[in-house]
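Q: I am new to this structure and would like a short tour. Could we look at it together?
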Amino acid sequence: MPSAVSPQWREKANGFFSSSGVKLKQAGQSAGSFVGDVAKDAGENVVDAAEKVGSMVKSRWALFREAREQRSPPPPRDTMQERLLSAAATTGLFFRKGISETKEKVVVGKMKVEEAAKKTADKSKVILNNIERWQKGVASSDVFGLPIEATLQRQHSTRPIPEVLVKCANYLIRSGLHTELIFKLEGDSKVIRQLISLYNQDWNASLPEGVNAVDVAALMKGYLASLPEPLTTFELYHDIRDARNSINEMRNILKKLPNVSYSTLEFITALLLRVSQKSSLNKMDAHSLAVELAPVIMWQKDDPGTNLRSHLSYSSKTPSRTIDLSSSNDAWKDLLDDDDGNDNASSQIPLDDGFPLDYGAIEVILCLIQHHNAIFTDANETVW
């Protein structure tokens, strides 16, 4: 019995369905080469879709041919051609849909790659700019970690003392002299990191209302520890250490210090003298203060126990009273977010634990506290 479908239609249908899967696969693989893994995954999805469509069409075509051979009489030629056209249209729809989805994924992937590349380039530019500025001694707006001379240069102040120390000392004179174990108790790490961020963005910032005196004292210690070179300098370490038993020798050696270091050392030891005069209330006499402050005022070169990172280590002891500073500076939130995985609300900052004591340095600071007025005779002595 003659076939209901002309040889020409049969040839076109067989050619169309046998080539559809190949073309879809080639299109998916071609699209997959645009942007790495994203486009590759999208191309593979199209290939899978093409193979499924090809298998489905071939299966239906085989069933159709089998039914056609068994059926009597055969369906009209027009009906057969309509079915073929419908199957071809369905296959074409799958083809176009797969290509469209692949292109969309490629475009999205390309945009993400370009966006990541731009962010990386911007960050690299900022880092390179800051490195260049650090080499010139004026890195960004930071206060902590910079040489003390660079901080004073930025302040344009007639008083050669970092403003962060001045504001902290004034606060302690007004509100902290009676605080027990001042300069010994550990500060709250989150509060102190917030304060560091505050002064790194504005060297002239004021301390927030209600800040704990313990945290302010810890901030002062953190600043001194962050200096690349101690107030006593590396060069004069041994000379100052050897002069600790003689007021005259100490006075003469300290005159060799840079003006900024000399004035700041006088300022700090004047504050410690005032704190020690209230030792009956705060339990911190001159010797106790010398033990706490010597490691951040006087150290030798390459001493690993005096950098800021070591002084901002964590512990899980009972926290000091904290305050909410989040509304004062948005950047604090970013700073605190970096520590959420390693820190909690009770994290604190031990400022003197775990490091071997330099007894010579302790005796030097004790001498400067007890004999402050006799040693700093030619300085513009600090008066509160």
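A: Certainly. Please note that this is a predicted model. The accessible surface of the chain comes to about 20800 Å², and carbon and sulfur atoms account for 51% of that surface.

Q: How many helices and strands are there in the chain?
A: The chain has 16 helices and two strands.

Q: And what share of the residues is buried?
A: Of the 384 residues in the chain, 44% are buried.

Q: What about contacts in the chain with a separation of 6 or more: what percentage is between residues 24 or more positions apart?
A: Such residues account for 79% of those contacts.

Q: Let us take one helix, H9. Which of its residues are buried?
A: Helix H9 spans residues 247-254, and Met250, Arg251, Ile253 and Leu254 are buried there. They lie on the same side of H9, because they cover an arc of only 170 degrees around the axis.

Q: What covers the buried residues of H9?
A: The cover includes four helices: H8 (237-242), H10 (259-276), H15 (359-370) and H16 (372-375).

Q: Changing topic, how many disulfides does a search of the whole structure find?
A: The search finds zero disulfides. In general terms, a disulfide is a covalent bond between the sulfur atoms of two cysteines.

Q: Is Cys168 buried or exposed?
A: Cys168 is buried, and its relative accessible area is 0%.

Q: And Cys367, buried or exposed?
A: Cys367 is buried as well. Its relative accessible area is 6%, and the cut-off for buried is under 20%.

Note on methods. Residues numbered from 1 in each chain as written. Predicted model: local features only at pLDDT ≥ 70, side-chain atom pairs only at ≥ 80, totals over all residues. Heavy atoms only, no water. Buried < 20%, exposed > 50% of the residue type's maximum accessible area, 1.4 Å probe, protein only. Contact = heavy atoms within 4.5 Å. Areas by Shrake-Rupley, 256 points an atom, 1.4 Å probe, with all protein chains shown as cover. Arc of directions from axis to C-beta. Disulfide = S-S within 2.5 Å.
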